[in-house]
Amino acid sequence: MGEVIGERAVMPLRSVMRAALLGGSMLACPSLALAQSAPVERSQPSYPSAAQSPSQPANADGTANFSANADDVAAAARASTDTSGNAASTNPNTSDPNETGSILDEDLNRLNLRESMIDERPLTRASGRDEASGVRIGTFVLRPSVSQTVNTETNSTGADKDHRAFLETGLHGTLTSDWSLHQLTVTADGIWQRNISGSGEEQPNFTIGSDLRLDLPSDTTAHITGGYQFYREDTDDPDAILDARQQSDVQHLSGGFSLERDFGVLRGSGGIELDRYVYSDAELSDGTQVSQSDRNETSGILRGRIGYELSPAVIPFVEALVGRGIYDDQYDSAGYDRSNQTYGGKAGVEVDLGEKLRGEMSVGYETEHFDDPRLASIDAPTVDANINWSPQRGTNVNIGVATSIEPSTTAGEGGYTARALSTTITHEMRDNLVASLTGSTIWRNYPSDSSTEDETVYLAGVGLAWNINRYLDLITNTGYELTSRDSGPDTHQWRAGVGLKLQR
């Protein structure tokens with residue numbers, strides 16, 4: 001519900017949409033946040049992936065096997081946060097959707113109120129809201145929160161239907177320096193789910209990340225980032241292994257360095273990002289362990305941007321990127337060499353009209369080439385936009401448009417093009433009551449000669465947060481996801497939850 005689309009650490013950027021929530025427990029983020037990306041996911045030839053059977057009614061654990069790749073939702077948010085041209089942040093507040101479960105999970109994540117950093121300039125908001133101020137620790141400010149929600153979920157594909165109820169505990173915290181020069185921000189998130197009835201996969205997730213901003217002489221700013229994330233792959237992902245009792249656990253390590261400098265009316269920036277993904281074995285319903293080590297990957301991307309300041313409020317720019325992804329095993333279990341090179345470029349404009357309107361829009365082109373000549377290159381024109389608009393005091397609107405190239409893990413399949421449109425609206429109905437509405441549409445188009453059918457995913461969510469006092473919120477959210485296929489039955493998912501969020 002990152003900045004540049006197609007910057008999926010070397011492969012088309014699967015950035016991410018992200019909010020400070022923890023799994024649908026807090027309330028709407030005024031803007032989409034994204035950044036980190038996921039590696040190419042390969043299917044095992046002996047155990048076909050969900051992408052090969054889009055009409056498959058259910059997974060081994062009884063859950064509907066329907067979710068479109070969460071990377072597509074990431075695309076909708078990809079243009080959402082960083083408009084500076086710096087390397088994508090590894091701050092866990094910009095986590096990859098496919099690292100936290102289904103698309104609906106990510107859509108509901110945007111129904112969570114994002115806390116403001118010390119030096120953050122938010123869009124116009126009502127001033128009467130009583131907010132927790134954090135805990136001062138020396139020259140740092142710690143803002144912790146914990147949430148507990150009770151949730152219900154229903155999935156249906158054709159005549160197949162299943163239901164589960166579960167508890168979700170979320171932990172979130174930011175530690176921000178209050179220095180006169182430079183700034184260090186450390187963010188940590190954790191999600192834990194436990195089913196109390198029915199069946200369905202539980203999605204644990206832990207993320208920690210840091211961003212050190214260095215204010216250097218001569219109008220120069222540097223960022224040094226680092227992060228770690230643990231998550232379990234979503235069984236509903238098209239590239240997941242069918243009939244698996246438990247999908248692979250994934251560890252993601254990331255780091256980056258970026259530099260930005262003003263040269264009079266020119267603004268230059270550049271950065272490098274490195275990502276490392278390690279996959280554990282998946283477990284089938286009969287207890288068989290399926291090795292996923294051939295998916296372990298190290299990737300890097302180098303990006304540069306030049307902007308021209310027509311005015312402080314309007315800055316046209318051009319940007320280019322080049323990346324490389326290398327897998328530990330030269331060939332995957334199907335015999336394909338999926339190491340790759342990514343090239344891309346775009347031109348656009350940054351707009352900053354103060355508290356009322358800011359964002360960026362761009363058009364470009366991106367291509368990804370595989371080392372294996374049997375895999376056709378993937379390329380597509382790209383359109384990216386992220387607009388933050390505050391039409392009136394206490395109301396914020398975020399609109400994201402994105403195009404991404406997503407590789408496939410199916411043997412002989414190169415990948416597909418994902419186009420996404422997303423919107424998030426938050427409105428302060430009262431000083432202590434915030435309503436949120438979020439929606440996304442994702443179009444997943446495979447090549448005309450592909451054996452995989454096209455899909456369209458529609459998502460909608462609504463949430464309310466009642467600020468009982470500065471330390472306690474009552475939170476509710478409801479979400480719906482529809483996956484429409486060219487062939488095979490459509491899939492529906494409903495999710496609703498209510499709980500409390502304690503913050504300091």
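**Exercise 1. A buried histidine**

Identify the side chain that H172 meets in a polar contact, and state where H172 lies.

*Solution.* In this predicted model, the side chains of H172 and D189 are joined by a polar contact of 2.5 Å. The next step is to place the histidine: H172 belongs to strand β3. The last step is its accessibility. The relative accessible area of H172 is 5%, and buried means under 20%, so H172 is buried.

**Exercise 2. Surroundings of N388**

Determine which strand holds N388, whether N388 is buried or exposed, and which side chain it contacts.

*Solution.* Begin with the secondary structure: N388 is in strand β16, which covers residues 378-392. Its relative accessible area is 9%, so N388 is classed as buried. A polar contact of 2.8 Å connects the side chain of N388 with that of N398. A further spatial relation concerns E355: N388 and E355 are separated by 33 residues in sequence, while their C-alpha atoms are 9.1 Å apart in space.

**Exercise 3. Aromatic pairs**

State how many aromatic pairs a search of the whole structure finds, then classify the pair of F140 and W179 and the pair of Y480 and W494.

*Solution.* The search finds three aromatic pairs. One of them is formed by F140 and W179, with ring centres 5.6 Å apart. The planes of these two rings stand at 80°, and planes over 60 degrees apart count as edge-to-face, so the pair is edge-to-face. As to location, F140 lies in strand β2 (residues 140-157), whereas W179 lies in the loop between β3 (160-177) and β4 (183-198); the pair therefore ties together parts that are 39 residues apart in sequence. W179 is partly exposed, with a relative accessible area of 33%.

The rings of Y480 and W494 are 4.5 Å apart, centre to centre, and the 40° between their planes goes with a tilted pair. This pair links distant parts of the chain: Y480 is in strand β21 (residues 472-485) and W494 in strand β22 (residues 491-503), 14 residues apart. Y480 has a relative accessible area of 21% and is partly exposed; W494, at 49%, is also partly exposed.

**Exercise 4. Charges over rings**

Which rings lie beneath the charged ends of R164 and R374?

*Solution.* For R164, the charged end sits over the ring of F166, 3.9 Å from the ring centre. For R374, the charged end sits over the ring of Y336, with 4.2 Å to the ring centre.

**Exercise 5. A nonpolar surface patch**

List the residues of the nonpolar patch on the surface and name the elements that give two or more residues to it.

*Solution.* The patch consists of L216, I224, F257, L259, I272, L274, L302, V322 and Y343, and together these residues have about 740 Å² of accessible area. Two or more residues come from each of β8 (249-263) and β9 (266-279). I224 serves as an example of a member: it is found in strand β6, residues 220-232. The relative accessibility of I224 is 38%, so I224 counts as partly exposed.

**Exercise 6. The protein as a whole**

Give the secondary-structure content, the share of buried residues and the accessible surface.

*Solution.* The protein has two helices and 22 strands. Of its 504 residues, 58% are buried. The accessible surface is about 18000 Å², and carbon and sulfur atoms account for 59% of that surface.

Notes:
Residues numbered from 1 in each chain as written. Predicted model: local features only at pLDDT ≥ 70, side-chain atom pairs only at ≥ 80, totals over all residues. Heavy atoms only, no water. Helix = DSSP H or I, 4+ residues; strand = E, 2+ residues; numbered from the N terminus. Buried < 20%, exposed > 50% of the residue type's maximum accessible area, 1.4 Å probe, protein only. Areas by Shrake-Rupley, 256 points an atom, 1.4 Å probe, with all protein chains shown as cover. Polar contact = N/O pair within 3.5 Å; in protein donor to acceptor, adjacent residues only side chain to side chain. Phe/Tyr/Trp six-rings, centres within 6.5 Å; stacked < 30°, edge-to-face > 60°. Lys NZ or Arg CZ within 6 Å of the ring centre and 35° of its normal. Patch = residues over 30% accessible without salt bridge, like charges linked within 9 Å, V, L, I, M, F, W, Y side chains within 5 Å. Salt bridge = Lys/Arg side-chain N within 4 Å of Asp/Glu carboxyl O.
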